[in-house]
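Colleague: I am new to this structure and would like to go through it step by step. Please show it first.

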Amino acid sequence: MNKKINISMLMLMGFLAITSCGKKETAPTEESTEINDTTDSEGEKSAEASNTLVIEGNDQMQFNTNELRATAGQPITLTLKHVGKIPKEAMGHNLVILQEGTDEADFATKAMNAKETDYIPTSEKTSIIAHTKLLGGGEEDTIEFTIDKKGTYNFLCTFPGHFAMMKGVLIVE
Ligand code: CU
């Protein structure tokens, strides 16, 4: 808290120093106390942090985990990072989260033929909870979504041939 005051004092002094040689303006003295108020009572804001998920895909056609966990009813932020080097035309990765009860193999087959929509089958939209875009080496994408119902949701990469290796579950508790 003292640090904040010091910073705002320094800014104020700098402001006065700049303006003192020119025209005087009213210094923003009231703002500094308002900034301090927000820092004290917010130690409990970590619940959302557990819904921040990061998963990697590599040039060996693998995700670095086959299990993700999140809390129901709260926004989930998921980042997919392609940590490889191969471009997306040859080693593209995405992450598609499916509704419970979706036939994965059937979905993957339809997705494989949906090249023009980056392997997201438009006919199966109702089976998709959320999906990232298709990434090449060095790229990443972050998506945000909320799942209200607790359960186990399958996820997969729909790039042709990747489904067998690149899949897992998102457990929502
Ligand atoms: Cu893939």
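Modeller: One definition to begin with: a residue is buried under 20% relative accessible area, exposed over 50%, and partly exposed in between. By that cut-off Arg69, at 42% relative accessibility, counts as partly exposed. Note also that this is a predicted model.

Colleague: What is the mean pLDDT of the protein chain?

Modeller: Of the residues, 72% reach a pLDDT of 70 or more. Over residues 1–49, however, the pLDDT is below 50. Where pLDDT is low, the predicted coordinates should not be read in detail. For the protein chain, the mean pLDDT is 82.

Colleague: In what order do the five strands of the open sheet stand?

Modeller: The protein chain has four helices and eight strands. Five of the strands form an open sheet with mixed pairing. Strand 2 (67–70) and strand 5 (128–131) each have a single partner strand, so these two stand at the edges. The order is 2-8-7-4-5.

Colleague: Which residue in strand 8 is the bridge partner of Leu68?

Modeller: Strand 2 pairs with strand 8 (residues 167–172) in the parallel sense, over four bridges. In strand 8, the bridge partner of Leu68 is Leu170.

Colleague: At about what angle to strand 7 does helix 4 run?

Modeller: Helix 4 covers residues 104–112 and lies across strand 4, strand 5, strand 7 and strand 8. Relative to strand 7 (151–156), helix 4 runs at about 30 degrees.

Colleague: How many residues apart in sequence are the parts that Glu173 and Arg69 tie together?

Modeller: The side chains of Glu173 and Arg69 meet in a salt bridge, 2.6 Å from N to O. Both belong to a network of salt bridges that also links Glu67. Glu173 lies in the segment after strand 8 and Arg69 in strand 2, so the parts tied together are 104 residues apart in sequence.

Colleague: Is Lys149 buried or exposed?

Modeller: Lys149 forms a salt bridge with Glu100, the closest N and O atoms being 2.7 Å apart. Its partner Glu100 counts as partly exposed, at 38% relative accessibility. Lys149 has a relative accessible area of 52%, and the cut-off for exposed is over 50%, so Lys149 is exposed.

Colleague: Does Glu124 count as buried or exposed?

Modeller: Glu124 meets Lys110 in a salt bridge, 3.6 Å from N to O. Lys110, at 34% relative accessibility, counts as partly exposed. Glu124 has 15% relative accessibility, and buried means under 20%, so Glu124 counts as buried.

Definitions and conventions. Residues are numbered from 1 along each chain as its sequence is written. This is a predicted model: local features need pLDDT of at least 70, side-chain atom pairs count only at pLDDT 80 or more; totals for chains, interfaces and linings use all residues. Side-chain values use heavy atoms; hydrogens and water are left out. Two strands pair if DSSP finds at least two bridges between them. Contact means heavy atoms within 4.5 Å. Axes are lines fitted to C-alpha atoms, for helices over the stretch in contact, and angles run from 0 to 180 degrees between N-to-C directions. pLDDT is the predictor's confidence in each residue, from 0 to 100. A salt bridge is a side-chain nitrogen of Lys or Arg within 4 Å of a carboxyl oxygen of Asp or Glu. Buried means under 20% relative accessible area, exposed over 50%, partly exposed in between (1.4 Å probe, protein chains only).
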